Structure formats: structure tokens, C-alpha cells
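Thanks for coming, everyone. Let me put the sequence and the model on the screen, and then we will walk through it together.

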Amino acid sequence: MGAHTLLTPVVSKIFCSSLQAVLLVRRRPPAVTGGGFVVTDREQRVVFSVDGCGIIGASGQLVVRDGDGTAILFIHKKGGVVQALSVHNRWKGYLMDYGEPSKPVFSLQDPKPVLSCAAGDVRVTVEPKGRKRHWDYEVTGSFAHRACAVKSRTGHVVAQGMMAGRDFYHVVVQPGYDQAFVIGVIAILDNMNGESTRC
């Protein structure tokens with residue numbers, strides 16, 4: 001299977017594996033470390049970490065780091081008058097280049113809290129836009145209960161969350177999919193639900 005696995009990079013192909021990845025997401029305490037979370041693999045090695053506003057100091061901004069602590073993804077919630085009038089919240093993910101956001105790689109939209117949140121309402125579009133589809137991935141289920149999945153437009157399960165404890169949970173990423181992208185989506189879901197990345 002490994003040699004025939006189609007890689008689907010969003011952030012980078014170096015974060016795609018030909019094998020299924022089981023990741024443990026552990027929340028960091030806001031009072032001690034500024035919040036966010038750390039992601040480890042089966043061997044307990046840190047493969048990603050996410051800084052939220054407790055570390056960054058700005059609401060609606062997130063930074064995803066690789067296992068070496070290098071910032072690889074900057075995510076921010078769109079604001080402004082147009083956004084205030086929209087029925088959706090919009091988030092944008094950018095590759096980091098020399099510590100600064102550079103190229104946009106994805107956008108995520110979710111219904112504002114006053115609207116009903118039916119399954120499939122959280123949608124992700126991979127850049128560049130201009131293709132004949134409105135979204136590439138959707139989040140189904142309940143992130144708050146750690147019973148959700150990221151699915152491709154064709155219905156394939158990309159990643160699935162499983163409850164393990166109050167401050168940690170498992171995420172299974174299927175072969176070929178970009179683990180950094182999945183962690184970026186989880187960081188946004190965490191922030192949307194008022195958890196460890198939010199002030």
C-alpha cells in the first residue's frame with residue numbers, strides 16, 4: 001500500500017505519510033504555558049504544537065509549529081465590516097516563510113453561533129481558488145465531543161477524532177493526507193469551541 005498511496009499535500013508533502021498516523025493531542029494549561037496544544041505520535045515524539053492567543057497575544061490568531069518548533073502555518077480569523085455582516089466566520093491559513101505569513105493555502109468557513117450548526121456546515125477550501133468547486137473538505141460530527149471527522153468532497157474520511165480524556169484525545173489521519181493541514185483545521189475547531197487556543 002505504501003508505494004501506491006496518493007499524497008494529498010496542502011501545507012507540504014513532508015507532512016504526508018504513506019501510513020495511517022495516530023496522533024495524540026494534549027491541551028496545554030493556559031495559566032502555565034499560555035494555552036494551545038501539543039501533538040505527539042505513537043512514540044511520544046512531539047510532531048506539532050499550536051500556539052493560541054495566550055502565547056501570541058492576539059485573539060483569532062493561531063500558529064502551527066512542526067516538531068522542531070519552527071512555525072509552518074499562520075491562521076487568522078477574518079474581521080472587518082464585510083465579515084461582520086456575513087452569515088459565516090472565515091479563517092485563512094498561510095504558509096510561514098522566514099517567520100512571516102506568506103502564501104495562502106486554505107480557508108475555512110463556519111456558521112456564526114447564532115445560526116443552527118447542521119452537519120457539514122464547516123467547509124474548507126484549498127487554495128488556489130478559481131476552480132469549479134466551492135469547497136474541498138468538510139467537518140462532520142461534534143468537535144466538542146471529539147466525535148468528528150474531516151472528510152474530502154468525495155466523502156473519504158481524511159481524519160477522525162476520538163475522545164480519550166478531558167485534556168487529550170486521539171486523531172487518526174489516513175494515509176496520504178497532510179497531517180499539518182489536519183492539525184490546522186483542529187486548531188480552528190478548538191478556537192471556535194472556546195477551548196485551549198482561545199483567550
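Start at F181. This residue is buried, because its relative accessible area is 2%, and the cut-off for buried is under 20%. Keep in mind that we are looking at a predicted model.

What does F181 pair with? F181 and Y137 form an aromatic pair. The centres are 5.1 Å apart, the planes make an angle of 50 degrees, and the pair is tilted. Where do the two rings come from? Y137 belongs to strand β9, residues 137-142. F181 belongs to helix α4, residues 179-192. They are 44 residues apart, and the pair links distant parts of the chain. Is Y137 buried or exposed? It has 7% relative accessibility, so Y137 counts as buried. One more ring joins in here. F106, Y137 and F181 make one aromatic cluster.

Now the overall picture. The protein has four helices and twelve strands. Of its 199 residues, 48% are buried. Take contacts between residues at least 6 apart in sequence: 36% of them join residues at least 24 apart. The exposed surface is about 10400 Å², and carbon and sulfur atoms supply 55% of that.

Back to the rings. How many aromatic pairs does the structure hold? There are four. One of them is F15 with F48. That pair is tilted too, with 5.6 Å centre to centre and 50 degrees between the planes. F15 sits in the segment before β1, and F48 sits in strand β3, residues 46-51. The separation is 33 residues, and this pair also links distant parts of the chain. F15 and F48 are both buried.

Next, charges over rings. R153 places its charged end over the ring of W135, 4.8 Å from the centre. R26 lies over the face of F168, and there the distance to the ring centre is 5.0 Å.

Let me turn to strand β1. It covers residues 21-27. Five of its seven residues are buried, so β1 is mostly covered. Which strands does β1 pair with? One is β12, residues 168-173. The two run antiparallel, joined by six bridges. For L24, the bridge partner in β12 is H170. Another is β2, residues 37-40, again antiparallel, over four bridges. There, R26 has V38 as its bridge partner. R26 is the residue we just met over the face of F168.

Now look at T125. You will find it in strand β8, residues 122-126. T125 counts as buried because its relative accessibility is 13%. What does it touch, leaving aside neighbours within four places in sequence? T125 is in contact with V105, F106, S107, H134, W135 and D136. Two of those names have come up already. F106 is part of the aromatic cluster, and W135 has the charged end of R153 over its ring.

V63 is another covered residue. It lies in strand β4, residues 61-66. Its relative accessible area is 9%, so V63 is buried. V63 and M96 are 33 residues apart along the chain, yet their C-alpha atoms are separated by 9.1 Å.

A word on the backbone. Most residues other than glycine have a negative phi. Two residues here are worth a look. Q44 is not a glycine, but its phi is positive, about 70 degrees. Where is Q44? In the loop between β2 and β3. Buried or exposed? Q44 counts as exposed, because its relative accessibility is 60%, and the cut-off for exposed is over 50%.

Y98 also has a positive phi, about 55 degrees, and is not a glycine either. Its place is in the loop between β6, residues 88-97, and β7, residues 100-111. Y98 has 79% relative accessibility, so this residue counts as exposed.

Last, the cysteines. How many disulfides does the structure hold? Zero. Take C16 and C148. C16 is at 12% relative accessibility, so C16 counts as buried. C148 is buried as well, because its relative accessible area is 11%.

To finish, go back to where we began. F181 in helix α4 and Y137 in strand β9 form a pair, and F106 completes their cluster. Find those rings on the screen, and then we can take questions.

How values were computed
Residues are numbered from 1 along each chain as its sequence is written. This is a predicted model: local features need pLDDT of at least 70, side-chain atom pairs count only at pLDDT 80 or more; totals for chains, interfaces and linings use all residues. Side-chain values use heavy atoms; hydrogens and water are left out. Rings of Phe, Tyr and Trp (its six-membered ring) pair if their centres lie within 6.5 Å; planes under 30 degrees apart count as stacked, over 60 as edge-to-face and the rest as tilted. Buried means under 20% relative accessible area, exposed over 50%, partly exposed in between (1.4 Å probe, protein chains only). A charge sits over a ring if NZ of Lys or CZ of Arg is within 6 Å of the ring centre and within 35 degrees of the ring normal. Two strands pair if DSSP finds at least two bridges between them. A disulfide is a pair of cysteine sulfur atoms within 2.5 Å. Contact means heavy atoms within 4.5 Å. Accessible areas come from the Shrake-Rupley method with a 1.4 Å probe; for residues, only the protein chains shown count as cover.
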